Amino acid sequence: MGGPSSGASKGIEKVEVMARWDPAPIGAPSHDVDIIGATYRASDPQGQPAYLVHFDSRSPDGTITLSRDSRTGQGFGYDEVMVLELERLAPEFVRVVVGVAIQQRSGRVTFGDIAGNGYRVVEGYTKLAEGDFGAVADATAATVAEFTRDERGEWSFRLALRGFDTDPEAFTRVMGGA
């Protein structure tokens, strides 16, 4: 009872999306990489986000938060961590896209310019996805994860590694597009 074929699955409930990178070489400007989450309503699932969550914000209801934020990549393990409590999101929200953007304060920096970069998506102890940004090395921003709610209210995950050549602000407007 309760196994995969019992029909008792509730889908994904609470996940963490993480990003890591190595600090810039000594004497070079710091690499500042940010996780950004965008929520979409059922009335416009591919349009403009209802709201964004990033380094200086959180979701209005507290369901999506950035629990770790780094501006340099210094530290051990994953430098930025976003927690998404999908099961608590209001029913009007049917899609959440999470991406990673590189701040462009010191000139154009791509994922290929940043050593040790990577991402991980986990639900509890279950790893849903893990990798690096090598496939989008020429990009300055990339989507990583897409979570969608079905008609039963259950959330599912899809790896959505897609690169963009844009600054973080413009990325927030295009990251959820088709």
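How many of the nine residues of strand β9 (residues 141-149) are buried? Eight of them are, so strand β9 is mostly covered (buried means under 20% relative accessible area, exposed over 50%, and partly exposed in between, with a 1.4 Å probe and protein chains only).

## Ground rules

This is a predicted model: local features need pLDDT of at least 70 and side-chain atom pairs count only at pLDDT 80 or more, while totals for chains, interfaces and linings use all residues. Residues are numbered from 1 along each chain as its sequence is written, and side-chain values use heavy atoms, with hydrogens and water left out.

## The overall layout

The protein chain has one helix and 10 strands. Here helices (H or I, at least four residues) and strands (E, at least two) are DSSP runs, numbered from the N terminus. Going along the sequence, the pattern reads β-β-β-β-β-β-β-β-β-β-α.

Of the 178 residues in the protein chain, 47% are buried. Residues 24 or more positions apart account for 67% of the contacts with a separation of 6 or more, where contact means heavy atoms within 4.5 Å.

## Strand β9 and its partners

Back to β9, which pairs with strands β6 and β10. Two strands pair if DSSP finds at least two bridges between them. Strand β6 (residues 93-102) runs antiparallel to β9, and seven bridges join the two. On that side, A101 stands opposite A141 of β9.

Eight bridges join β9 to strand β10 (residues 155-164), and this pair is antiparallel too. T143 stands opposite R162 in β10. The hairpin of β9 and β10 has five residues between the strands, and G153 takes a positive phi near 90° there.

## Two nonpolar cores

The largest nonpolar core has 34 residues, and those with the most contacts inside it are L84, L86, V96, V98 and F147. A nonpolar core, by the way, is a set of buried Ala, Val, Leu, Ile, Met, Phe, Trp, Tyr and Cys residues joined through side-chain atoms within 4.5 Å. Several strands each supply at least two residues of this core, including β1 (14-20), β5 (80-85), β6 and β9. The largest share, five residues, comes from β6.

Take L84 as a sample. Leaving aside neighbours within four places in sequence, L84 is in contact with E13, K14, V15, V17, T63, I64, V96, V98 and F147. There's also a second, separate core of nine residues, with A141, F164, F171 and M175 among them.

## V122 in strand β7

V122 is found in strand β7 and counts as buried at 9% relative accessibility. Not counting residues up to four places away in sequence, V122 touches K14, V15, E16, M18, K127 and L128. M18 is 104 residues away from V122 along the chain, yet their C-alpha atoms are separated by 8.5 Å.

## Charged side chains

Side chains of opposite charge can pair when their charged atoms come close. A search of the whole structure finds 11 salt bridges, a salt bridge being a side-chain nitrogen of Lys or Arg within 4 Å of a carboxyl oxygen of Asp or Glu. One of them links E85 and R88, with the closest N and O atoms 3.2 Å apart. E85 is buried at a relative accessible area of 18%, whereas R88 is partly exposed at 43%. Another joins E130 to K127, where the closest N and O atoms are 2.9 Å apart. E130 is partly exposed at 37%, and K127 counts as partly exposed at 49%.

In helix α1 (residues 168-174), E169 and R173 lie four residues apart, about one turn of the helix. Their side chains meet in a salt bridge (3.7 Å, N to O). E169 counts as exposed at 57% relative accessibility, and R173 as partly exposed at 46%. Elsewhere, salt bridges that share partners join R95, E146 and R158 into one network.

## D34, buried without a salt bridge

D34 sits in strand β2 (residues 33-41). What is the nearest side chain of opposite charge to D34? That is R105, 5.5 Å away, and D34 is buried yet has no salt bridge. For charge, Lys and Arg count as positive and Asp and Glu as negative; His and the chain ends are not counted.

The side chain of D34 does make a polar contact with the side chain of Q103, at 2.6 Å. A polar contact is a pair of N or O atoms within 3.5 Å; within protein, one must be able to donate a hydrogen and the other to accept it, and residues adjacent in sequence count only if both atoms are side-chain atoms.
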